[in-house]
Amino acid sequence: MKTGKKMNKIMPLIFMIVFSVNLSGQIIYNGSIGKQPVELNLIINQDSTAKAVYQYKKYQQPIDLYGQLINDTLRLKESDDATILIYGYSTEKKILKGVWRDQKTKKQFPVSLSKIRVISYDNDAKFSEIEILQSSRLKDHSFKVVLSKEEERSELEVTSIKIHNIKDASLDQELNCEGIYEDFLDYSPFNIIEAADYNKDGYDDLSVFEMRFANGATSRIYYLYNPESKMFYDGFSGADLEFDNNNTATSSTFCCGHRGQTIMEYKIEDGKLITISETEINYNEDFDETDKHCYTYESGNKVECECK
């Protein structure tokens with residue numbers, strides 16, 4: 001992935017996300033810990049539990065925080081030893097004051113945060129193109145998603161993913177998404193992106209939750225990393241994909257009370273998912289196999305073949 005200000009835009013994408021009803025909104029703060037400028041995104045749930053992610057602007061490395069609002073003191077734990085305490089907390093306050101404290105080293109620094117924006121996820125809320133810092137990161141890159149919301153809709157639109165270089169905070173690539181999903185998502189807005197080496201080539205890839213099916217299968221949009229261009233390929237969608245290190249992937253899904261099973265085999269070429277074969281299996285009440293059909297895909301056409 002190239003550094004500097006070069007940006008690569010990939011196919012326009014729109015994701016629809018529905019967050020838990022326990023999540024009513026989010027507040028974005030800018031400020032400082034000691035003398036270091038920071039950005040902090042905070043959510044306080046209706047049960048007074050709190051989740052946040054922040055980063056020092058100099059280092060661009062997101063740090064997760066978890067905690068609780070007790071009376072008017074907000075306690076956010078960074079690790080077993082480090083904690084941020086905000087005194088006299090109120091969502092209405094424009095300026096927050098507190099302390100960052102490390103119990104092990106006994107170091108502590110003053111915290112000052114200024115409220116930049118309140119994002120409401122209520123049904124009647126409306127906003128456009130808000131950047132949300134993500135918890136996931138790679139060795140050299142951090143991420144932000146760009147969210148929008150229409151009035152009278154509970155879904156959030158993820159219109160793009162911004163990939164920033166940790167060294168200088170420059171925008172290396174922007175993935176502009178396509179596809180719509182509406183699902184009851186249990187993740188917070190900080191966890192829309194996941195990073196993992198899905199195709200086992202030694203390089204971390206990205207994925208975004210897409211939808212959850214009635215049979216329990218989960219679909220994600222995958223963005224595989226291209227080490228030659230140092231960019232991410234266009235995204236492709238897959239349900240419960242299992243990758244191996246031979247540039248192939250498989251998925252197995254059930255339907256009809258586990259009376260029917262479909263096994264798909266794919267190959268990955270230039271970041272695209274191409275179907276190789278399909279196997280359909282039916283089972284009786286004792287889950288014994290009763291029927292089996294196999295297919296290959298030739299030039300995109302599904303052709304029945306003999307099962308091996």
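Two strands count as paired when DSSP finds at least two bridges between them. With that in hand, let us walk through this predicted model, starting with strand 4 and its partners.

Strand 4 spans residues 36-44. On one side of the story is strand 3, residues 25-33, which runs antiparallel to strand 4 and is joined to it by 7 bridges. To find your place in this pairing, look for G31, which stands opposite V38 of strand 4. The two strands make a hairpin with 2 residues between them, and there G34 adopts a positive phi near 65°.

Now follow the chain onward to strand 5. This strand covers residues 49-56 and pairs with strand 4, again in the antiparallel sense, over 7 bridges. A handy marker here is I43, whose bridge partner in strand 5 is K51. Strand 4 and strand 5 also form a hairpin, this one with 4 residues between the strands. Within that turn, S48 has a positive phi of about 75°.

How much of strand 4 is covered? Of its 9 residues, 7 are buried, so the strand is mostly covered, buried meaning under 20% relative accessible area. As a reminder, side chains in a regular strand alternate between the two faces of the sheet.

Strand 4 also leads us to a cavity. The structure holds 1 cavity of 30 Å³ or more, and the largest cavity has a volume of about 40 Å³. Which residues line the largest cavity? They are L40, L42, L74, L76, I84, I86, L96 and L113. Strand 4 supplies at least two residues of this lining, and so do strand 7 (73-77) and strand 8 (82-87), each with at least two. Sorted by class, the lining has 8 nonpolar residues, with no polar and no charged ones.

For a last stop, move along the chain to N226, a residue of strand 19, which comprises residues 225-226. Is N226 buried or exposed? Its relative accessible area is 13%, and because the cut-off for buried is under 20%, N226 counts as buried. The side chain of N226 has polar partners: it reaches the backbone nitrogen of E228 at 3.0 Å, and it makes a polar contact with the side chain of S229 at 3.3 Å. Once neighbours within four places in sequence are set aside, N226 is in contact with M231 and Y233.

How values were computed. Residues are numbered from 1 along each chain as its sequence is written. This is a predicted model: local features need pLDDT of at least 70, side-chain atom pairs count only at pLDDT 80 or more; totals for chains, interfaces and linings use all residues. Side-chain values use heavy atoms; hydrogens and water are left out. On a 1 Å grid over the protein atoms alone, a cavity is a set of points where a 1.4 Å probe fits but cannot get out, and a pocket is an open set with protein on both sides within 12 Å along at least five of seven lines; lining residues have an atom within 4 Å of a point. Grid points are joined across faces, edges and corners, and a volume is the space filled by probe spheres set on the points. Ala, Val, Leu, Ile, Met, Phe, Trp, Tyr, Cys and Pro count as nonpolar, Asp, Glu, Lys and Arg as charged, and the others, Gly among them, as polar. Buried means under 20% relative accessible area, exposed over 50%, partly exposed in between (1.4 Å probe, protein chains only). A polar contact is a pair of N or O atoms within 3.5 Å; within protein, one must be able to donate a hydrogen and the other to accept it, and residues adjacent in sequence count only if both atoms are side-chain atoms. Contact means heavy atoms within 4.5 Å.
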